[in-house]
Amino acid sequence: FCKDCIQGVSHEGEPQGTVEIFDGVACYVATPAIDYPKDKVILFLPDVFGIELINTQLLADSFAVNGFKVVAVDYFNTDSVPLSVQNSTSFDLKAWLANHGNQQTRPALDKVIAVLKEEGVTKFGATGYCFGGRYTFDLAFENIIQCSVVSHPSFLKIPDDLETYFTKSQAPLLINSCEFDEKFPAPARAKADEIFGDGKFAPGYKHEYFPGCTHGFAVRGDLNDPLTKAAKEGSFKAAVEFFKEHL
């Protein structure tokens, strides 16, 4: 993890969704007020602050306003990074991560997907932020999801994961990246475009790049900064349009 993984600003608003339990796993669920396709769900795969972060809830609500049911998964099992340490320089993120690896977190995600399938969902999109970007790729490798969006993803092995995605996945891919991101830096961005770009990835590929912005901008960016605000809104708009086209 980089220091920007726990840097950011909490946004203001009144969440409209509800917390529901799927086979023992808490999820923040945002449901459109209008008629929507009941066989589709967007899995919101959050950063280390989990579903408790109001920014995550408001983003999920915004996808719902655009006609998608959204399920944000608490794969941290009520033990996400405390909101109180946002912008902390002393919190031991490595120690926290040691207890929140794939073995501890993936089962909760699989449980939620299984319940949703039982409820009739047949098409899944995923939007993954930071920590959640890794799981978006994993679900795409297994073709569990039909459309992928990642914003400032973490834990990707470059070029291995990009090559695996290209070879194994049928899910169209949108990457929202930024200038200052040690977890997805310039060489990774260039490699992604080299592998997927110019129509080489048949399912579909788009890469939105936001100069002047820092890892975390799409969820925890400072909306008082015009550049960051525009990037946060731009990445969300790109995600909505991508889901509408491909999911």
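**Exercise 1. A charged patch**

Which residues gather in a patch of negative charge on the surface? Work it out, then place Glu-118 in the fold and classify its exposure.

*Solution.* Keep in mind that you're looking at a predicted model. Start with the members: the patch brings together Glu-20, Asp-23, Glu-118 and Glu-119. Next, pick out Glu-118, which sits in helix H3, a run covering residues 102-118. Now the exposure: Glu-118 has a relative accessibility of 69%, so it counts as exposed. The cut-off behind that step is over 50%.

**Exercise 2. A salt bridge in H3 and its network**

Find the salt-bridge partner of Asp-110, say how the two residues are spaced, and then look for a wider network.

*Solution.* Let's go from the pair outwards. The partner is Arg-106, with the closest N and O atoms 2.7 Å apart. A salt bridge here needs a Lys or Arg side-chain nitrogen within 4 Å of an Asp or Glu carboxyl oxygen, so the pair qualifies. As for spacing, Asp-110 and Arg-106 are both in helix H3 and four residues apart, about one turn of the helix.

Now check how open each one is. Asp-110 counts as partly exposed because its relative accessibility is 34%. Arg-106, on the other hand, comes in at 11% and therefore counts as buried. The cut-off for buried is under 20%.

Last step, the network: Arg-106 and Asp-110 are linked with Glu-142 through salt bridges. How many salt bridges does the structure hold? The count is 11.

**Exercise 3. Two pairs along H8**

Helix H8 spans residues 226-246. Describe the salt bridges that Glu-233 and Lys-237 make, including the spacing of each pair.

*Solution.* Take Glu-233 to begin with. Its side chain meets that of Lys-229 in a salt bridge, at 2.7 Å from N to O. Glu-233 and Lys-229 are four residues apart in H8, so about one helical turn separates them. Both ends are partly exposed: Glu-233 has 41% relative accessibility, and Lys-229 has a relative accessible area of 34%.

Move on to Lys-237. Here the salt bridge is with Glu-241, at 2.6 Å from N to O. This pair is also four residues apart in H8, so again the separation is about one helical turn. Glu-241 is partly exposed, with a relative accessible area of 37%.

If you want the general idea behind such pairs: side chains of opposite charge can pair when their charged atoms come close.

**Exercise 4. Two residues on strand E7**

Ile-175 is found in strand E7, residues 173-180, and Glu-179 has its place in E7 too. Are these residues buried, partly exposed or exposed, and what do they touch beyond their sequence neighbours?

*Solution.* Ile-175 goes first. At 0% relative accessibility, Ile-175 counts as buried. Leave out residues up to four places away in sequence, and Ile-175 touches Val-150, Phe-184, Ala-192, Tyr-205, Lys-206, His-207 and Glu-208. For a distance check, Ile-175 and Asp-193 are 18 residues apart in sequence, with their C-alpha atoms 9.9 Å apart.

Then Glu-179. It has 35% relative accessibility, so Glu-179 counts as partly exposed. With neighbours within four places set aside, Glu-179 is in contact with Arg-189, Tyr-209, Phe-210, Pro-211, Gly-212 and Cys-213. Finally, Glu-179 and His-152 are 27 residues apart in sequence and 10.0 Å apart in space, C-alpha to C-alpha.

Definitions and conventions:
Residues are numbered from 1 along each chain as its sequence is written. This is a predicted model: local features need pLDDT of at least 70, side-chain atom pairs count only at pLDDT 80 or more; totals for chains, interfaces and linings use all residues. Side-chain values use heavy atoms; hydrogens and water are left out. Patches are made of residues with over 30% relative accessible area and no salt bridge: like charges are joined within 9 Å, nonpolar side chains (Val, Leu, Ile, Met, Phe, Trp, Tyr) within 5 Å. Accessible areas come from the Shrake-Rupley method with a 1.4 Å probe; for residues, only the protein chains shown count as cover. Lys and Arg count as positive and Asp and Glu as negative; His and the chain ends are not counted. The place of a charge is taken as NZ of Lys, CZ of Arg, CG of Asp or CD of Glu. Buried means under 20% relative accessible area, exposed over 50%, partly exposed in between (1.4 Å probe, protein chains only). Contact means heavy atoms within 4.5 Å.
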